[in-house]
Amino acid sequence: MQARHYFDKISRWSVTLVGYGILLAFAFIFLFLIWQVWPLFQAGSISPVASPDAEPEWHSLYQADTGQQAELHLDNGLQERVVLQRDGAIRWYLQQDESWQLQLREQLTMAPLSDAVLLPGSRTLLLADGSAQVQSWFRLHQQLIARPGISVSDTPLLALIPVSSSSFFSLHPGLLQLHQVDSARLLAELRLPSDRLQHLQLSDDRQWLRLDWQSGTSNWYQIQWQHPSVSFTQLWLPVHYEGRREPAYVWQTAAAADDASPKLSLVPLTIGTLKAAWYAMLFATPLAILAAVYTACYLPERWRYRVKASMEMLESMPTVILGFIAAFLLAPWLEQQLLLFFMLLLLVPSLVLLSSAVWYCWRQQRQQQAEQPGWFVLLIPLLLAVWLTYIGTPWLEQWWFDGSLLLWLGERGIDYQQRNALIIGMAMGLAVIPSIFSLTEDVVSQVPPSLAQGVLALGASRWQALSSMVLPVAAPGILAAVLLGLGRALGETMILIMATGNTPLLGFDPFTGMRSLTASLSLEMPEAAVSSSHFKVLLLAALLLLVLTFFINTLVSVLRQRIRQRYQQL
């Protein structure tokens, strides 16, 4: 007896230690991800140093002017030149066959220009007119497109100094500011002495800055701007990138030029994750709940264990198999038989419900208790719906959609992609159904039988007892099952990689694909350079998924605890 007492105590301590270990591991992962992504939101700095350890290769970016020119000639290194007059007249040239061809001529309505630069490696033109706002324009074909202005210091502007295709310095009396063009934010600033600046030089790696003064002295500075292309604006708000007519949410990790910054908006990936989970839950939730309720309340005992065993076997099926079936079998079939799919979706439940209603009315007229209909009452309308669909779909498509539903959709501007949200909904729905089914069936089965028997004793039917007593008592458990399935859908990876186009798109259109957070993590993490902006943003996506699933699982645990308390009170 004493040995068993010690064994129970050791077992209890072991379980407690394992539980605390899991919590500590989760807290460690959470804190590690926060520590990794924190540099994304740190401001840059320009700090003075004695001199670089090794003399870098310097590039002169600024030299003090002796006077103001009436006409500015700007070059971006892409065989393009801009001739800009102080009154806002612009002529944009492109070199073709050793000659300069005029691409556009524009007259901007603005105050007299104080300075202008054409960013290297891009078509972005920055114009300063003496105000605290720098205007940003870029050439798109034969048009000049305006971008949001960039706020600078309200002190007089001495010069705009280009740094890269997406950043520049603004020089003011006693102040030097570093700006990012895409997000229009201030990266860093440096207080300058009262001496006049003669030269500004930048190293090849853009980590070192050298300032030469009129007095003959020089100062060296170190620039720390690890992730200039990442900010809250670029992650979650629309950004007006060069080459686009309007602000947009863009996920584009590879740029056309090495100097160009990546576009790392998490909005398309988040919407893709929610879109996949939404269509999966839309497909899985009604089927799983209805099947679980029927299994727990109507199915004979000998069949109940077989159905539960089948669901457990489906839950153990590798999702890569479901992804393969969805990508190479279901997607081509749905593309060819889209109207047939919608007709089956409409006719099968309609005829089954209609036959059940006719059965109920017929039993009522014969003054018999309306129990569940026999298998033939459900099988006959099911076969009839399938037969009518196969017979009537070609005729309906020829008569109503001019022979092809896909062409009919294309003429109305609806893009149909072969690997779309409908495919994902069905494939992921099959993966989610066992989780929802198992928990729902357990919850409904654990409702005290005395509750249903009391309602039946008052003369109610089995359906009335189920709808008025069993389901309301089991509702929190059913909600917990749905939330558990939602967490399963949010974390799915292989089906999304195989059965979607992996294109980051916005919107919840069922005929288009998507790109999810999990797919981006699995596909791009091995190729992302460690400590790069791309790598850090992927870790931020992992942190977002971790917080979301933790919240859902916590909510499920709270609902389960309330279910136990409710059952104990009954």
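# Questions about a predicted model

Visitor: In which strand is Phe169 found?
Guide: The structure shown above is a predicted model. Within this model, the place to look for Phe169 is residues 167-172, and that stretch is strand β12.

Visitor: Is Phe169 buried or exposed?
Guide: Buried means under 20% relative accessible area. Because the relative accessible area of Phe169 is 0%, Phe169 is buried.

Visitor: Which residues is Phe169 in contact with, leaving aside its neighbours within four places in sequence?
Guide: One partner is Ala159, which is ten residues apart from Phe169 in sequence and 8.2 Å apart from it in space, C-alpha to C-alpha. With neighbours within four places in sequence left aside, the contacts of Phe169 are Ile46, Ala159, Leu160, Ile161, Val163, Leu176, Gln177, Leu178, Leu200, Leu209 and Ile223.

Visitor: Which helix supplies the largest share of the largest nonpolar core?
Guide: This core holds 62 residues, and those touching the most other members are Leu334, Leu338, Ile423, Ile424, Met428, Ile436 and Ile495. Several helices each supply at least two residues of the core, including α3 (267-297), α5 (319-336), α9 (421-445) and α14 (533-569). The largest share, 15 residues, comes from α9.

Visitor: What does Leu334 touch, not counting residues up to four places away in sequence?
Guide: Leu334 is one of the residues that touch the most other members of the largest nonpolar core. When residues up to four places away in sequence are not counted, Leu334 touches Phe341, Tyr416, Asn420, Leu422, Ile423 and Met426.

Visitor: How many residues are in the second, separate core?
Guide: Among the members of this second core are Leu171, Leu211, Tyr221 and Trp225. The core is separate, and its number of residues is 23.

Visitor: Why is α4 oblique to α9?
Guide: Helix α4, residues 301-315, packs with α9 at an angle of about 140°, and their axes are 8 Å apart. Because of that angle, α4 is described as oblique to α9.

Visitor: How many charged residues are in the contact of α4 with α9?
Guide: From α4 the contact draws on Arg304, Val307, Lys308, Met311, Leu314 and Glu315, while α9 brings Leu430, Ile433, Pro434, Ser435, Phe437, Ser438, Glu441 and Asp442. By class, these residues divide into seven nonpolar and two polar, and the charged ones number five.

Visitor: Is the crossing of α10 and α11 left-handed or right-handed?
Guide: Helix α10, residues 449-457, packs with α11 at an angle of about 145°, with axes 9 Å apart. Leu451, Ala452, Val455 and Leu456 of α10 make the contact with Arg462, Ala465, Ser468, Met469, Val470 and Val473 of α11. The contact has eight nonpolar, one polar and one charged residues, and the crossing is right-handed.

Visitor: What does Thr389 touch, not counting residues up to four places away in sequence?
Guide: Thr389 is found in helix α7, residues 375-400, and counts as buried at 0% relative accessibility. With residues up to four places away in sequence not counted, Thr389 touches Leu340, Met343, Leu344 and Leu347.

Visitor: Which residues is Thr440 in contact with, leaving aside its neighbours within four places in sequence?
Guide: Thr440 has its place in helix α9, and Thr440 is buried, with a relative accessible area of 0%. Leaving aside neighbours within four places in sequence, the contacts of Thr440 are Ile289, Ala292, Ile478 and Ala481.

Technical notes: Residues numbered from 1 in each chain as written. Predicted model: local features only at pLDDT ≥ 70, side-chain atom pairs only at ≥ 80, totals over all residues. Heavy atoms only, no water. Core = buried A, V, L, I, M, F, W, Y, C linked by side-chain atoms within 4.5 Å. Buried < 20%, exposed > 50% of the residue type's maximum accessible area, 1.4 Å probe, protein only. Helix = DSSP H or I, 4+ residues; strand = E, 2+ residues; numbered from the N terminus. Contact = heavy atoms within 4.5 Å. Axes fitted to C-alpha atoms, helices over the stretch in contact; angles between N-to-C directions. Parallel < 35°, antiparallel > 145°, perpendicular 65-115°, else oblique. Nonpolar A, V, L, I, M, F, W, Y, C, P; charged D, E, K, R; others polar. Left-handed = near helix turned anticlockwise from the far one by under 90°.
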